[in-house]
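Here is a short report on how the helices of one protein pack together. Look at the sequence and the model first, then read on.

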Amino acid sequence: MRENLLLLKKGPNQALEKIYTGYRKSFLQFARKYELDDDILIKIYQDSFIALREHAIKGKLDHIKSSIKTYLYNIGEYKIHALLKKQKTTAYYEKNKDFINSKEIIDVFEEPKLSVEQKLLQKHFMQLGKRCQELLTLFYYRGLTIKEIADSQGYENKNIVKNQKSHCLKLLIKISAQR
């Protein structure tokens with residue numbers, strides 16, 4: 001479990017993909033009892049996996065008592081219930097004894113509301129190239145140092161990372177100014 005937790009925090013894309021695909025099929029089988037379209041369940045799984053990774057990066061999984069798989073399923077279950085509530089439908093629900101209390105998930109899963117400025121920044125950020133998005137995410141969101149980014153992403157040295165980060169920020173400012 002600790003190995004997967006470390007991979008979720010700082011793992012390379014191949015390791016994340018392995019974890020993602022490893023839980024996907026069983027999650028979809030579990031979630032089908034809610035009688036939602038597979039496309040919706042896949043979207044919920046993707047969102048749940050992203051939330052799981054964010055929780056791992058923020059250290060919210062460091063002291064959980066359940067497995068990572070159980071935690072992921074509970075995030076997905078929370079999202080399914082939120083969707084069903086939003087659709088004002090009810091579904092048959094039988095709580096599996098292996099799952100932790102949903103309150104543990106709800107406490108750490110409250111998503112903050114974004115301000116108008118944050119939504120604009122998010123929109124402009126998505127217009128950047130993949131390399132810039134990844135670099136800025138590693139530095140500002142995950143909190144990696146310039147040296148850690150250089151080592152993990154295969155840059156020749158940290159000066160290249162500094163220059164690339166500066167270029168990406170200037171590009172983001174330019175995109176923001178055009179809107």
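The axes of helix H7 (residues 130-141) and helix H9 (residues 158-178) cross at roughly 105° and come within 10 Å. Axes here are lines fitted to C-alpha atoms, for helices over the stretch in contact, and angles run from 0 to 180 degrees between N-to-C directions. H7 and H9 are therefore roughly perpendicular to each other. Angles of 65 to 115 degrees count as roughly perpendicular, under 35 as roughly parallel, over 145 as roughly antiparallel, and the rest as oblique.

H7 brings Cys132, Leu135, Leu136, Phe139 and Tyr140 to the contact, and H9 brings Val161, Gln164, Lys165, His167, Cys168 and Leu169. Contact means heavy atoms within 4.5 Å. By class, this contact of H7 with H9 has 8 nonpolar, 2 polar and 1 charged residues. Ala, Val, Leu, Ile, Met, Phe, Trp, Tyr, Cys and Pro count as nonpolar, Asp, Glu, Lys and Arg as charged, and the others, Gly among them, as polar.

The model is predicted: local features need pLDDT of at least 70, side-chain atom pairs count only at pLDDT 80 or more, and totals for chains, interfaces and linings use all residues. Residues are numbered from 1 along each chain as its sequence is written, and side-chain values use heavy atoms, with hydrogens and water left out.

The protein has 9 helices and 0 strands. Helices (H or I, at least four residues) and strands (E, at least two) are DSSP runs, numbered from the N terminus. Buried residues make up 35% of the 179 residues. Buried means under 20% relative accessible area, exposed over 50%, and partly exposed in between (1.4 Å probe, protein chains only). Among contacts between residues at least 6 apart in sequence, 67% join residues at least 24 apart.

Now the second helix pair. H2 and H3 pack with their axes 10 Å apart, at an angle of about 135°. That makes H2 oblique to H3. The residues of their contact divide into 12 nonpolar, 1 polar and 2 charged. Among them are Leu16, Phe27 and Leu28 in H2, and Leu41, Ile42 and Arg53 in H3.

Which helices supply the largest nonpolar core? This core has 25 residues, and Phe27, Leu36, Tyr45, Phe49, Leu52 and Ile80 touch the most other members. Helix H2 (13-31), helix H3 (38-57) and helix H4 (68-86) each supply at least two residues of this core. Apart from it lies another core, of 15 residues, including Leu136, Ile146, Val161 and Leu172. A nonpolar core is a set of buried Ala, Val, Leu, Ile, Met, Phe, Trp, Tyr and Cys residues joined through side-chain atoms within 4.5 Å.

Three residues can be set side by side.

| Residue | Location | Relative accessible area |
|---|---|---|
| Leu28 | helix H2 | 8%, buried |
| Leu136 | helix H7 | 5%, buried |
| Glu35 | loop between H2 and H3 | 73%, exposed |

Leu28 touches Leu41 and Ile42, not counting residues up to four places away in sequence. Leu28 and Tyr73 are 45 residues apart in sequence and 9.7 Å apart in space, C-alpha to C-alpha.

Leaving aside neighbours within four places in sequence, Leu136 is in contact with Phe125, Leu128, Tyr141, Lys165, Cys168 and Leu169. Leu136 and Phe125 are 11 residues apart in sequence, with 9.3 Å from C-alpha to C-alpha.

Glu35 is not a glycine, yet has a positive phi of about 55°.
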